[in-house]
Amino acid sequence: MGLMGTRILVTEDNEDNRHILRDLLTSAGYEVIEAVTGEEGVRLAETQRPDLILMDVQLPGFDGYEATRRIKGNLALRQIPVIAVTSYALSGDDVKAREAGCDAYVAKPFSPRDLLVKIRECLAQGTPGAPS
Ligand code: MN
C-alpha cells in the first residue's frame with residue numbers, strides 16, 4: 001500500500017496558499033499538479049486526469065464552483081473527487097459546493113490534519129474497488 005502515483009490537482013490563485021498545500025501534500029506522499037485559474041484547473045483535469053482536485057472557490061475568471069460544474073459535466077472526469085476550499089465560512093457555502101457537484105468542502109483556515117483525513121476519505125470513496 002502506498003500513495004505513490006496518487007496525484008492531486010491544486011487549483012488555487014494565491015501563491016502562498018499553493019505553497020502551503022504543495023508542502024503539505026508532498027510531505028504526505030502525494031504528487032501535486034497546480035493550476036492558478038479555474039480555466040487552467042479544468043484544462044489540467046482533462047489532460048492530466050488527477051486522482052483528486054482541491055478547488056479554491058474564489059478564482060480569477062470563472063470561480064471554483066463553475067470549474068467544478070464543468071469538470072462534473074464531463075463524463076470522463078466526473079468520478080474525480082473535488083474538495084471545495086472556501087475563504088470564508090459563509091453560511092450556505094456548503095450548499096453551493098454540493099450543488100456545484102463538489103464531493104466535500106473545507107473552509108480556510110483549515111487544519112492540515114483534517115484536510116488530509118478528508119482527502120483520504122474522498123480518495124477511498126472516489127475509487128471503489130481500487131487496489132490500495
Ligand atoms: Mn482564491
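How many salt bridges does the structure hold? There are seven salt bridges in the structure, a salt bridge being a side-chain nitrogen of Lys or Arg within 4 Å of a carboxyl oxygen of Asp or Glu. Before starting the tour, note that this is a predicted model, in which local features need pLDDT of at least 70 and side-chain atom pairs count only at pLDDT 80 or more, while totals for chains, interfaces and linings use all residues. Residues are numbered from 1 along each chain as its sequence is written, and side-chain values use heavy atoms, with hydrogens and water left out.

**The manganese ion**

Select the manganese ion, and with it Asp 13 (OD), Asp 56 (OD) and Gln 58 (O), which coordinate the ion at 2.0 to 2.1 Å. Donors here are N, O and S atoms within 2.8 Å of the metal (3.2 Å for Na, K and Ca), and since water is not among the atoms, sites may look incomplete. Along the chain, the donors of the manganese ion follow the spacing D-x42-D-x1-Q. Asp 13 sits in the loop between strand E1 (7–11) and helix H1 (15–27), whereas Gln 58 sits in the loop between strand E3 (52–56) and helix H3 (64–72), so that the pair links distant parts of the chain, 45 residues apart. Helices (H or I, at least four residues) and strands (E, at least two) are DSSP runs, numbered from the N terminus.

Colouring by accessibility adds to this view, where buried means under 20% relative accessible area, exposed over 50%, and partly exposed in between (1.4 Å probe, protein chains only). Asp 13 is partly exposed at 32%, Gln 58 is partly exposed at 44%, and Asp 56 is buried at 2%.

**The salt bridges around Lys 108**

Keep Asp 56 selected and add Lys 108, whose side chain meets that of Asp 56 in a salt bridge (3.2 Å, N to O). Because Asp 56 lies in strand E3 and Lys 108 in the loop between E5 and H5, this pair ties together parts that are 52 residues apart in sequence. Next add Glu 12, whose side chain also meets that of Lys 108 in a salt bridge (3.2 Å, N to O). Glu 12 lies in the loop between E1 and H1, so its pairing with Lys 108 ties together parts that are 96 residues apart in sequence. Both Glu 12 and Lys 108 are buried, and Glu 12, Asp 56 and Lys 108 are linked in a network of salt bridges.

**Helix H1**

Move now to H1, which has 13 residues and reaches 18 Å from its first C-alpha to its last, close to the 18 Å expected at 1.5 Å a residue, the expected span being 1.5 Å times one less than the number of residues. Its buried residues are Arg 18, Leu 21, Leu 24 and Leu 25. They cover an arc of only 135° around the axis, which puts them on the same side of H1; the arc is that of the directions from the helix axis to the C-beta atoms. On the other side of H1, Glu 15, Asp 16 and Ser 27 are exposed.

At the start of H1, look for Asn 14, a side-chain oxygen of which reaches to within 3.0 Å of the backbone nitrogen of Asp 16. Just after H1, Gly 29 takes a positive phi of about 100°.

How values were computed
Polar contact = N/O pair within 3.5 Å; in protein donor to acceptor, adjacent residues only side chain to side chain.
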